[in-house]
Amino acid sequence: MLNLTRQEKQVLLFVGAVVLVGIVIGYLQKISPSSKVILPQGRGGPRTAPTVIEKKTNPNKASLEELIRLPEIGPVLAGNIIEYRNSIGAFKSLEELQKVQGLGPKKLKRLKDYLSLE
């Protein structure tokens with residue numbers, strides 16, 4: 001088999017992760033070409049990189065993929081929102097989102113421009 005050093009294994013793992021991220025981004029662009037999403041740059045980029053989302057997302061109707069496209073919402077938080085919505089019922093106000101594990105008042109304040117219950 002291959003006799004690789006620890007550093008060589010780490011480089012291969014990193015390259016594999018970069019390729020996987022590229023595939024996921026390409027897939028997301030294929031399934032939703034009308035949505036314009038600008039992803040934030042890495043740690044060296046600006047702290048408040050722009051995120052462009054053309055229409056507001058309704059957390060009562062949004063799919064996992066739609067929630068993940070929002071800034072600061074990853075797969076775990078999107079899953080928590082859907083789990084809360086399915087077990088408790090529809091959100092009556094945006095402030096009720098704070099009851100979801102992982103979504104506090106500061107994060108909700110940053111997300112309000114991207115959310116609507118209409």
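Leaving aside neighbours within four places in sequence, which residues is Thr57 in contact with? The legends below describe a predicted model, and the first view gives the answer.

**View 1. Thr57 and its surroundings in the loop between α1 and α2.** Beyond its neighbours within four places in sequence, Thr57 is in contact with Ala62, Leu67, Leu70, Tyr114, Leu115 and Ser116. The loop that holds Thr57 runs between α1 and α2, the latter covering residues 64-68. With a relative accessible area of 11%, Thr57 falls under the 20% limit and is therefore buried.

**View 2. Leu67 and the largest nonpolar core.** This core has 18 residues, and those with the most contacts inside it are Leu67, Ile73, Ile81, Leu97 and Leu103. Two elements, α3 and α4 (105-111), give two or more residues to the core. The most comes from α3, with five residues. Leaving aside neighbours within four places in sequence, Leu67 is in contact with Thr57, Ala62, Ile73, Ala78, Ile81 and Ile82. Thr57 of the previous view thus appears again here, as one of the contacts of Leu67.

**View 3. The salt bridge of Arg110 with Glu72.** The closest N and O atoms of this pair are 2.5 Å apart. Arg110 belongs to helix α4 and Glu72 to the loop between α2 and α3, so the salt bridge ties together parts that are 38 residues apart in sequence. Arg110 has 44% relative accessibility and counts as partly exposed. Glu72 is also partly exposed, with a relative accessible area of 38%. A search of the whole structure finds two salt bridges; the other is shown next.

**View 4. The salt bridge between Lys112 and Glu95.** The two side chains meet at 2.5 Å, N to O. Lys112 is in the segment after α4, while Glu95 is in the loop between α3 and α4, so parts 17 residues apart in sequence are tied together by this pair. The relative accessible area of Lys112 is 33%, which makes this residue partly exposed. Glu95 is partly exposed at 40%.

**View 5. Glu83 on helix α3.** Helix α3 spans residues 75-88 and includes Glu83. Glu83 has 55% relative accessibility; because this is over 50%, the residue counts as exposed. Val100 lies 17 residues from Glu83 along the chain, and the C-alpha atoms of the two are separated by 8.9 Å.

**View 6. A nonpolar surface patch that includes Ile23.** Val11, Phe14, Val15, Val18, Val19 and Ile23 make a patch of about 570 Å². Ile23 sits in helix α1, which covers residues 6-31. At 55% relative accessibility, Ile23 counts as exposed.

**View 7. The protein chain and its confidence values.** The chain has four helices and zero strands, in the order α-α-α-α along the sequence. Of its 118 residues, 25% count as buried. The accessible surface is about 9000 Å², and carbon and sulfur atoms account for 58% of that area. Among contacts between residues at least 6 apart in sequence, 40% join residues at least 24 apart. The mean pLDDT is 82, with 80% of residues at 70 or more. Among the elements, the lowest mean pLDDT is that of α1 (87) and the highest that of α3 (92). Over residues 44-50 the pLDDT is below 50, and this stretch has four contacts in the model beyond near neighbours in sequence. Where pLDDT is low, predicted coordinates should not be read in detail.

Key:
Residues are numbered from 1 along each chain as its sequence is written. Side-chain values use heavy atoms; hydrogens and water are left out. Buried means under 20% relative accessible area, exposed over 50%, partly exposed in between (1.4 Å probe, protein chains only). Patches are made of residues with over 30% relative accessible area and no salt bridge: like charges are joined within 9 Å, nonpolar side chains (Val, Leu, Ile, Met, Phe, Trp, Tyr) within 5 Å. Accessible areas come from the Shrake-Rupley method with a 1.4 Å probe; for residues, only the protein chains shown count as cover. A salt bridge is a side-chain nitrogen of Lys or Arg within 4 Å of a carboxyl oxygen of Asp or Glu. Contact means heavy atoms within 4.5 Å. pLDDT is the predictor's confidence in each residue, from 0 to 100. A nonpolar core is a set of buried Ala, Val, Leu, Ile, Met, Phe, Trp, Tyr and Cys residues joined through side-chain atoms within 4.5 Å.
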